[in-house]
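Thanks for asking me to look this one over. Here are my notes, set out point by point so that you can follow along in your viewer.

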Amino acid sequence: MQSREDTANKVLQDTGAVLIPSSNDGRIISGQGTISLEFLEQASEIDTLIVPISGGGMISGVALAAKAINPAIRILAAEPLGANDAFQSKSNGRITKLSEVNTIADGLRAFLGDLTWPIVRDLVDDVIVVDDKEIIQAMKLCYEILKIAVEPSGAIGLAAVLSDGFRKNPVYSECNHIGIVLSGGNVDLGVLWNSFDK
């Protein structure tokens with residue numbers, strides 16, 4: 001993260017460009033809200049949306065739009081165990097940053113920001129944490145059954161639904177019509193194949 005921020009700042013200084021953060025920005029949050037609109041236009045019976053969480057831009061937009069349409073809809077975040085700052089933040093009632101992250105879901109290594117945290121705190125009903133093995137299994141199912149290549153960060157919602165933490169939790173027994181955000185196809189096939197062998 002630090003290297004990425006340093007590089008971005010150098011480009012800004014050298015070119016005068018404007019930085020739009022990948023998640024902690026009102027424009028990003030607003031744009032991500034269209035995910036909910038598409039889900040609920042196509043399947044209005046959805047009672048639960050499961051969304052990957054990192055910096056919180058996607059899930060913030062999804063939660064704001066979905067709850068504006070249907071205040072009773074359940075919004076669940078899916079997060080890797082090795083980068084579970086959102087889970088810890090919700091548990092602690094304040095933004096909690098980790099000293100290090102370690103997960104195959106490299107797109108989920110950012111932290112919540114000052115714009116996304118209040119939305120996640122207030123509108124995201126729960127965070128389901130899964131380990132890398134569960135994420136890899138979900139990727140495998142996406143490829144074998146759906147015939148789509150989904151990066152680890154994008155397959156985490158499916159991993160969450162398939163996890164014991166979701167299936168065996170009585171709180172989720174009322175989740176009958178579930179929408180899962182599967183996003184991103186940036187898969188290093190060498191890493192993918194090696195992960196299947198583990």
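1. Let me begin with a pairing: Thr 48 has Ile 178 of strand E4 as its bridge partner. This is part of the contact between E1 and E4 (residues 178-180), which pair in the parallel sense over three bridges. Please keep in mind throughout that we are looking at a predicted model.

2. On to E2 (residues 74-80), which runs parallel to E1 and is joined to it by five bridges. Two partnerships are handy for finding the register in your viewer: Leu 49 has Ile 75 as its bridge partner in E2, and Val 51 stands opposite Ala 77 of E2.

3. How buried is E1 itself? Strand E1 covers residues 48-52, and five of the five are buried, so the strand is largely enclosed by the rest of the structure. Its side chains split between two directions: Thr 48, Ile 50 and Pro 52 point one way, while Leu 49 and Val 51 point the other way. Burial holds for both groups.

4. E2 gives a similar story to tell, being mostly covered, with seven of its seven residues buried. Arg 74, Leu 76, Ala 78 and Pro 80 point one way from E2, and Ile 75, Ala 77 and Glu 79 point the other way. You may want to look at Arg 74 and Glu 79 in your viewer, since both are in the buried set.

5. Next comes E3. Strands E2 and E3 are paired over five bridges, again in the parallel sense, and Ala 78 finds its bridge partner in Ile 128 of E3.

6. Which order do the strands take in the sheet? The order is E3-E2-E1-E4, an open sheet of four strands with parallel pairing. Its edge strands are E3 (126-130) and E4, each of which pairs on one side only. On average, neighbouring strands of this sheet are turned by 25 degrees against each other, with direction ignored.

7. A word on the connection between two of these strands: E1, helix H4 (residues 57-69) and E2 form a β-α-β unit, and this unit is right-handed.

8. Helix H4 also contains Gly 57. With a relative accessibility of 1%, Gly 57 counts as buried because the cut-off for that class is under 20%. From Gly 57 to Ile 28 there are 29 residues in sequence, yet the C-alpha to C-alpha distance is 6.3 Å.

9. Ile 136 belongs to helix H7 (residues 132-146). Its relative accessible area is 12%, so Ile 136 is buried too. Ile 136 and Ala 78 lie 58 residues apart in sequence, and their C-alpha atoms are 14 Å apart in space.

10. Finally, a pocket that may interest you: the second largest one has a volume of about 390 Å³. Its lining is made of 23 residues, and those closest to the centre are Ser 22, Ser 54, Gly 55, Gly 107 and Leu 108. Two elements, H4 and helix H8 (152-162), give two or more residues to this lining, and H4 has the largest share with three residues.

11. What is the character of the residues that line the second largest pocket, by nonpolar, polar and charged class? The lining of this pocket divides into seven nonpolar, twelve polar and four charged residues.

How values were computed: Residues numbered from 1 in each chain as written. Predicted model: local features only at pLDDT ≥ 70, side-chain atom pairs only at ≥ 80, totals over all residues. Heavy atoms only, no water. Buried < 20%, exposed > 50% of the residue type's maximum accessible area, 1.4 Å probe, protein only. Pairing = 2+ DSSP bridges. Right-handed = clockwise from strand over helix to strand, strands pointing away. Axes fitted to C-alpha atoms, helices over the stretch in contact; angles between N-to-C directions. 1 Å grid on protein atoms, 1.4 Å probe; cavity = no way out; pocket = protein on both sides within 12 Å on 5 of 7 lines; lining within 4 Å. Points joined across faces, edges and corners; volume = space filled by probe spheres on them. Nonpolar A, V, L, I, M, F, W, Y, C, P; charged D, E, K, R; others polar.
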